[in-house]
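Visitor: I'd like to learn how to read a model like this one, feature by feature. Could you walk me through it?

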Amino acid sequence: MRAIAVSEYGATPALMNLPRPEPGPGEILVKMIAAGLNPFDWKLADGMVKDSVDASFPLILGVDGAGVVEEVGEGVTGLREGEQVYGTFAAIERGLGAFAEYALVREDGPIAAMPEGMIYTQAAAVPTASAAALGMVDAARIDAGQTVLVVGATGGVGQGVVQLASLAGAKVIATARDDMAGTMRRLGADETVDHSQSDDSDGLNAQVLAVHKDGIDAVLDMVSDTPATEDIAQLLRPGGTYVSSIWTVNPDAMEAKGLRGVNLNGGVTSGTLDRLSDLIDASDLRVQVEREVPLEDAPDALAANKAGGARGKTVIRI
Ligand SMILES: NC(=O)c1ccc[n+]([C@@H]2O[C@H](COP(=O)([O-])OP(=O)(O)OC[C@H]3O[C@@H](n4cnc5c(N)ncnc54)[C@H](OP(=O)(O)O)[C@@H]3O)[C@@H](O)[C@H]2O)c1
């Protein structure tokens, strides 16, 4: 089968012809129709988890996907051939992932029936980013009327965070370059601040403080390194919360300042997918697909995501 894989950590992702996996007991083989791209995919290729996971090479990249059940292994009762499913498909230890014609997932794993009326390219864009958005907003424990700053609001996770924080009743300030300010407001942001106007977080803080002199209640941050989170945390009122999706918050340092710091424990479960399906069905969550590319162009799409400037999700047509 055709797949996008790396031969070793640090190698350039490439189109390869690899064996089709066989479903073992409790496993489901899915014929992939579309796969969603996440920053994790190029971080994985670069070796981000090399010290914590024993990967097999060639290692197929890709986590998120949507497709049709092709074959079920022994003992699988909940899904049948031909059903439309979406979820996450990375099995790094076995060298398997979503950027391939076929992928495996356990029946009790992160898989669910596709939301009614949703097309494959939309469903594939949902799992990792929208589950992270849900996790960020859950972790922030937002009360209606609170003011929250979303840093990295224009990306795949951020667009979900803006919508879900607004749904929770927050007044949302979203970071956005000029071209994305209108989109952020359409997704539920009350205000935008332009992070490109200065080189450091002091400029961002000044823009927020110009309107919110008494500070804000929470920061939900997808991009800042640890020194920047310490700077931006100065915006928080006593008892405020700082949530990071990239593990750059130091909870002890936050606690010492009377704040709550949380690093997102990500991950997708079938329960999360069901919650996301409900939000999508109710039109409370919209996932913006910025770009669709054929499988052979996935290496370029990974490089483009790494270079920055995402305006929504990139989806790979398999
Ligand atoms: N912990 C978890 O489970 C988990 C789950 C999902 C994602 N993540 C991580 O969360 C991060 C975001 O993921 P994503 O899918 O949203 O990425 P993405 O789609 O690539 O979007 C990143 C966005 O951040 C913006 N940005 C970059 N620098 C910024 C800055 N200094 N201030 C404000 N905005 C800035 C970018 O726009 P410009 O380039 O135009 O500024 C872009 O729109 C990634 O590092 C990802 O690995 C973690």
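Visitor: Let's start with strand pairing. Which residue stands opposite Ala 3 in S2?

Guide: For paired strands, look for residues that face each other across the ladder. In this predicted model, Ala 3 stands opposite Met 16 in S2. That belongs to the S1 and S2 pairing, which is antiparallel and runs over four bridges.

Visitor: And how many bridges hold S1 and S4?

Guide: S1 and S4 pair over two bridges, in the antiparallel sense. Over there, Ala 5 has Ile 60 of S4 opposite.

Visitor: So what is the order of strands in that open sheet of three?

Guide: Read a sheet from one edge to the other. Here that gives S2-S1-S4, with antiparallel pairing. S2 and S4 are the edges with a single partner strand each, so one side of each is left without a neighbour in the sheet. As for S1, four of its five residues are buried, so the strand is mostly covered.

Visitor: What is the strand order in the open sheet of six?

Guide: Same reading habit. The order is S11-S10-S9-S12-S13-S14, and this time the pairing is parallel. Its edge strands are S11 (191-193) and S14 (260-263), each pairing on one side only. From one strand to the next, the twist averages 20°.

Visitor: Can you zoom in on one pair there? Over how many bridges do S9 and S12 pair?

Guide: Four bridges, in the parallel sense, between S9 (residues 147-151) and S12 (residues 216-221). For a residue to click on, try Val 150, which stands opposite Leu 220 in S12.

Visitor: Next, helices against sheets. Which strands does H3 lie across?

Guide: Here you ask what the helix covers and at what angle. H3 (residues 127-140) lies across S12, S13 (236-244) and S14, and runs at about 160° to S13.

Visitor: What is Ser 244 in contact with, once its sequence neighbours within four places are left aside?

Guide: Start with its place: Ser 244 lies in S13. With a relative accessible area of 0%, Ser 244 is buried. Setting aside neighbours within four places in sequence, its contacts are Met 136, Asp 221, Val 249, Val 262, Asn 263 and Leu 264.

Visitor: How do I treat a glycine in a loop? Is Gly 145 buried or exposed?

Guide: Same two checks, location and accessibility. Gly 145 is found in the loop between H3 and S9. Its relative accessible area is 58%, so Gly 145 counts as exposed, the cut-off being over 50%. If you want a ruler exercise, Gly 145 and Asp 200 are 28 Å apart in space, C-alpha to C-alpha, and 55 residues apart in sequence.

Visitor: On to aromatics. How many aromatic pairs does the count come to?

Guide: For ring pairs, check the centre distance and then the angle between planes. The count comes to one aromatic pair. Tyr 9 and Phe 57 are edge-to-face, with 5.0 Å centre to centre and 90° between the planes.

Visitor: Why does that pair tie together parts that are 48 residues apart in sequence?

Guide: Because Tyr 9 lies in the loop between S1 (2-6) and S2 (14-17), while Phe 57 lies in the loop between H1 (39-46) and S4 (59-60). Phe 57 counts as partly exposed, at 35% relative accessibility.

Visitor: What about Ser 56, where is its place?

Guide: Ser 56 is in the loop between H1 and S4. Ser 56 is partly exposed, with a relative accessible area of 27%. Leaving aside neighbours within four places in sequence, Ser 56 is in contact with Ile 92, Glu 93, Arg 94 and Gly 95.

Visitor: Now charges over rings. Which ring face does Arg 20 lie over?

Guide: You look for a charged end above a ring centre. Arg 20 lies over the face of Tyr 102, at 4.6 Å from the ring centre. In another case, the charged end of Lys 43 sits over the ring of Trp 42, 5.9 Å from its centre.

Visitor: Finally, the big picture. Into which domains is the protein chain divided?

Guide: For domains, note the bounds, the spacing and the contact. Domain 1 covers 2-126 + 287-317, and domain 2 covers 129-263. Their centres, taken over C-alpha atoms, are separated by 29 Å. The contact takes ten residues from domain 1 and eleven residues from domain 2.

Definitions and conventions
Residues are numbered from 1 along each chain as its sequence is written. This is a predicted model: local features need pLDDT of at least 70, side-chain atom pairs count only at pLDDT 80 or more; totals for chains, interfaces and linings use all residues. Side-chain values use heavy atoms; hydrogens and water are left out. Two strands pair if DSSP finds at least two bridges between them. Axes are lines fitted to C-alpha atoms, for helices over the stretch in contact, and angles run from 0 to 180 degrees between N-to-C directions. Contact means heavy atoms within 4.5 Å. Rings of Phe, Tyr and Trp (its six-membered ring) pair if their centres lie within 6.5 Å; planes under 30 degrees apart count as stacked, over 60 as edge-to-face and the rest as tilted. Buried means under 20% relative accessible area, exposed over 50%, partly exposed in between (1.4 Å probe, protein chains only). A charge sits over a ring if NZ of Lys or CZ of Arg is within 6 Å of the ring centre and within 35 degrees of the ring normal. Domain bounds come from an automatic or database domain assignment.
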